[in-house]
Amino acid sequence: MGTKRSQNPSKEVMEKKTKKKDALNGESNKGTIFASCSFSSLGLHPTLCDELRERMGYEVPTLVQAQAIPVILAGRHVNRRLVNAATGTGKTIAYLAPIIHHLQNYDNRIQRSDGTYELIDLLATALVLVPTRELCLQVYEILQKLLHRFHWIVPGYVMGGEKRSKEKARLRKGMSIIVATPGRLLDHLKNTSSFLYTNLCWIIFDEADRILELGFGKEIKEILDHIGTTNQENAVPRQNLLLSATLNEKVNHLAKISLEDPVMIGLDGKRTEPISKIESLGSSDSDEDNEYNEEKNHSKILDSQIGDYNVPTQLIQRYVKVPCGARLAVLLSILKYLSEREASQKIVVFFSTCDAVDFHFSLLSEFQFSSYPQSETDVRQMFMGCKMFRLHGNMDQEDRRKTFQTFKTEKSALLFSTDVAARGLDFPKVRCIIQYDSPGEATEYVHRVGRTARLGERGESLLFLQPVEIDYLQDLAKHGVSLTEYPLLKVLDSFPLRGQKNDIKKFVAIDLHPWVVCLQKALEAFIMSKPKIDKLAKGGFCSWVRAYTAHRGELKRIFMIKKLHLGHVAKSFALKQQPSLEIMVAQFCLLKSLMITNGESGCVLRVQIFPPVHLTCNHTSWKILSLSQVLQCMNYEAPVLKDHMHSIFYRSK
Ligand SMILES: Nc1ncnc2c1ncn2[C@@H]1O[C@H](COP(=O)(O)OP(=O)(O)OP(=O)(O)O)[C@@H](O)[C@H]1O
């Protein structure tokens, strides 16, 4: 009997080739990722080195670990130290290993077995602050593995979405290393009296720029007010560690006002110190040296403000220029192309809003398609054959946890996500990152693409831009990030339409490409037949437009709401036309205290802004003159609102 042959030999050959290429790439990247020393030569405890090798499978330290570990081990006398580290280069171990090394000395096993807990047992010693729940779980899981043999060091986590009472109980029992999201930590600092934190020797800000710059600024200040700047137990200064692949001048400023002598790990800038130099800086305690280093470091920090971000060198970065109305069809085509190109293909697609994630996830989970419509052979099949997941901040905690854990272990899958997955998450073997909605700040671009090409592995990224947004490439170029154009027409032409391959010469405009036209029609028809997904599409449209208006600072020049054709935006949600004003306002009211109600004399629009301006317009019906003006108003621009309100709406009858 012959052996069973593979159904798709070409796929098998391709996979073999890819694996070979992977192995070669891995070899050639090793030198730029790993250091030529051992963990023990860095001064780590032998048992910890065994754990790193046996449980984690780490033979040698990465470069960032070799640079950072001796500096952190040297303790609190060190001043600011800078280590250049791209995404996926092992920064987590760089801070966890030295902390565990120090804590393994506090072996209180005797008291514990006697049942007599020493106070020191109950005091938290290290605090790791992270911006998201998923990162919190990830760091906690690594800690659990690493602490296997150090059972007297108790790890724990507190984060939003978890039961407070359970967390309180765990805090009461005592945790040596706590991983936390800022909001929930602050909650416990205020309300959990059994939480003892006077012995904190380390505070680590993982993804420091994210934590210090955005949203959490107020919480961090309050947290630091509670816990003070020194270890209150022994009145010794604490070691504050800041980590990120994109530390910059802004975060340095924030760190300076809120932290004493932070150690920075992951500062960008092409001109890094050679390892030997950093190590020797780490062992020096003299004031003179510190002054010299301060000055050097300061100029380096300033360099990094305008300097390059450090993306993995093996990452292939591309952009695709797509007219707004063809975005959805092009996204689906590329996803199909990628997932059929390789049997195991893990892809993450980033969107700007939770609603957009929900819409695209539901659409692709159900969308069936035939490229022979209205013919006898019209057998519809699922458009995408792979497993799909979604992740965003509006999901309930259990769903988030499940997605996070399952996507990690899948060999081939598609994850639709907001920026909740952009920072720090380590999903193995992600091959491609698609930024369908542009990320805004260049730092966010760097972190999103950093979910692939980790630790020297291969990876590619694709950024969607509309023709009017193409200047964004220049913004990225300012940070040393350069992208090449994706061969979109070649991909679109590869799809057979009614049994024939498309002719590349005939069709130049993407939105008129026969495959795109056919797919778009099918999508619109599908949406019309599915009221639930139609509703998601409308919600997605509204929140997408809202997010588009929220680009900050310089980026407002590139992502201009005025330049958007909202009919085309609607097409990108497979809607034949843009949602009615009522739906839009109703959507916005959820976000921005805008209310539309049906008053006695018809539709009443109330707009509440700060300082409060209440406009009540009693007319039977309203028609829109300029949606972009309405959107400007919704962006809380009070003077614009007053000036334009009367001209924005008029009575239709
Ligand atoms: N010494 C090592 N040897 C082999 N693998 C390692 C080593 N150190 C870390 N890793 C692995 O490298 C991957 C990336 O590590 P980690 O998540 O800490 O990177 P990072 O620099 O913090 O990334 P990001 O900037 O995205 O947060 C993880 O899968 C981790 O298990």
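This passage describes the overall make-up, the nonpolar core and selected local features of a predicted model.

The secondary structure of the protein amounts to 26 helices and 23 strands, and, of its 653 residues, 44% count as buried. Among the contacts with a separation of 6 or more, 74% are accounted for by residues that stand 24 or more positions apart in the sequence.

In soluble globular proteins, nonpolar side chains tend to be buried together. In this model the largest nonpolar core has 150 residues, and those with the most contacts inside it are I100, A180, F205 and V330. Helix α4, which covers residues 91-103, gives the most to this core, with eight residues. The core also draws at least three residues from each of two domains, namely domain 1 (39-105 + 121-265) and domain 2 (315-372 + 381-581). When its neighbours within four places in sequence are left aside, V330 is in contact with V320, V322, L488, I510 and V516.

A local arrangement of strands and a helix can also be described. Strand β3 (residues 155-158) and strand β4 (residues 177-180) run parallel and are joined by four bridges, with V179 of β4 serving as the bridge partner of Y157. Together with helix α8 (residues 164-173), β3 and β4 make a right-handed β-α-β unit.

An annotated segment may be considered last. An unreviewed UniProt entry places the short sequence motif named "Q motif" at residues 37-66. Over residues 37-66 the chain is 43% helix and 0% strand, while the C-alpha atoms at the two ends are 8 Å apart.

Technical notes: Residues numbered from 1 in each chain as written. Predicted model: local features only at pLDDT ≥ 70, side-chain atom pairs only at ≥ 80, totals over all residues. UniProt positions renumbered as here; feature names shortened; annotations may be inferred. Core = buried A, V, L, I, M, F, W, Y, C linked by C-beta atoms within 7 Å. Buried ≥ 20, exposed ≤ 12 C-beta atoms within 10 Å, placed from the backbone. Domains from an automatic or database assignment. Contact = placed C-beta atoms within 7 Å. Pairing = 2+ DSSP bridges. Right-handed = clockwise from strand over helix to strand, strands pointing away.
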